[in-house]
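The following exercises concern one strand and its partners, and then the surroundings of a ligand. Please work through each task with the model open before reading its solution.

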Amino acid sequence: MVSTQTTIGDFHFDNCLMNAAGVFCMTKDELAAIEQSAAGSFVTKTGTLTKREGNPKPRYADTALGSINSMGLPNFGYQYYLDYVIDLQKQDGSKPHFLSVVGMSPEETHHILKAVQASDYQGLVELNLSCPNVPGKPQIAYDFETTQNILQEVFTYYQKPLGLKLPPYFDMVHFDQAAQIFNQFPLTFVNCINSIGNGLVIEDEQAVIKPKNGFGGIGGDYVKPTALANVHAFYQRLKPSIRIVGTGGVKSGRDAFEHILCGASMVQLGTVLHQEGPEVFTRITAELKAIMKIKGYENLADFRGKLRYIND
Ligand code: SIN
């Protein structure tokens, strides 16, 4: 019997596929649609200290090979999402969830995480250190000193399961340096990758999105090789207790299979979910199971992280 069940920390998921933060997760109705789909879990839109309108529209565009967005973290404030996941966790049969959060400053991030720590929420939290779309705010995880300082402070008071949403890294030395920081802390997971920041897509003579003169995060087919490399680089470098969530360029069961082969314990769907809606989880789960059956794999552990290299 082929199974796509998985675990992250102490949490069990009936399916390893879920949405990526930013897609189908802004409102309670969207989150409910993911909850009722074949997805194993959902992650909320990243909640900030207070509600944000985000960047001016148009701020998302589908492209031939994926998407570009500069949403700018529009959201209803972390309390909206925290209340919803606490409500759901009281219901029988509820899936475990991921609450995504970040502040507009380290102080705001600590304020939010202290509130989550003090709340009844028992699920996972994903700290988003990688949004490329807030004008004037760099992607936090590209600044190793700030990242180290934030995590150092967070783990003085935060005792619930916590993971990080990471930007893509592009250099072996940066994989080493980032992993050296993450391995110092009791993180439950890292999520590789957020969009590739600050791309530019043009139609005729004009940028296709309005914010930042057209600069935005790139997702979809363009990013799969970068996502796979980041998943595998961190799978090789992080202590085994830090699980990897793979995100980027997944639009088929084969893509999900490749993320797991690189070391992912859970796989998130972004652009394809935006384009096809929550029914996509049924299709991609069936495709993944079909590949596993052909290869004789019964569960993810049979092939997770077992990427083969070409040896001399
Ligand atoms: C956004 O709201 O700009 C996208 C979220 C992210 O990239 O973290």
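**Exercise 1.** Find the residue that is the bridge partner of Ile 68 in β13, and then describe how β13 is paired and how far it is enclosed.

*Solution.* Begin with the bridge itself, where Ile 68 has Ile 218 of β13 as its partner. This model is predicted, with local features requiring pLDDT of at least 70 and side-chain atom pairs pLDDT 80 or more, while totals for chains, interfaces and linings use all residues. Residues are numbered from 1 along each chain as its sequence is written, and side-chain values rest on heavy atoms, without hydrogens and water.

Next, widen the view to the strands (DSSP runs of E, at least two residues, numbered from the N terminus), which count as paired if DSSP finds at least two bridges between them. Strand β5 (residues 66-69) runs antiparallel to β13 over four bridges. Strand β10 (residues 196-200) also pairs with β13 in the antiparallel sense, here over three bridges, and Gly 199 has Gly 216 as its bridge partner in β13.

Finally, consider burial (under 20% relative accessible area, 1.4 Å probe, protein chains only): because five of the six residues of β13 (residues 215-220) are buried, the strand is largely enclosed by the rest of the structure.

**Exercise 2.** Determine which residues surround the ligand, and how much of its accessible area the protein covers.

*Solution.* First list the neighbours (a heavy atom within 4 Å), among them Lys 45, Asn 69, Cys 131 and Asn 133. Then examine the ligand's oxygen atoms: one lies 2.8 Å from a polar backbone atom of Gly 72, and one is 3.0 Å from a side-chain N or O atom of Asn 194. The protein covers 94% of the 250 Å² of accessible area (Shrake-Rupley method, 1.4 Å probe) that the ligand has on its own.

Key
Buried < 20%, exposed > 50% of the residue type's maximum accessible area, 1.4 Å probe, protein only. Polar contact = N/O pair within 3.5 Å; in protein donor to acceptor, adjacent residues only side chain to side chain.
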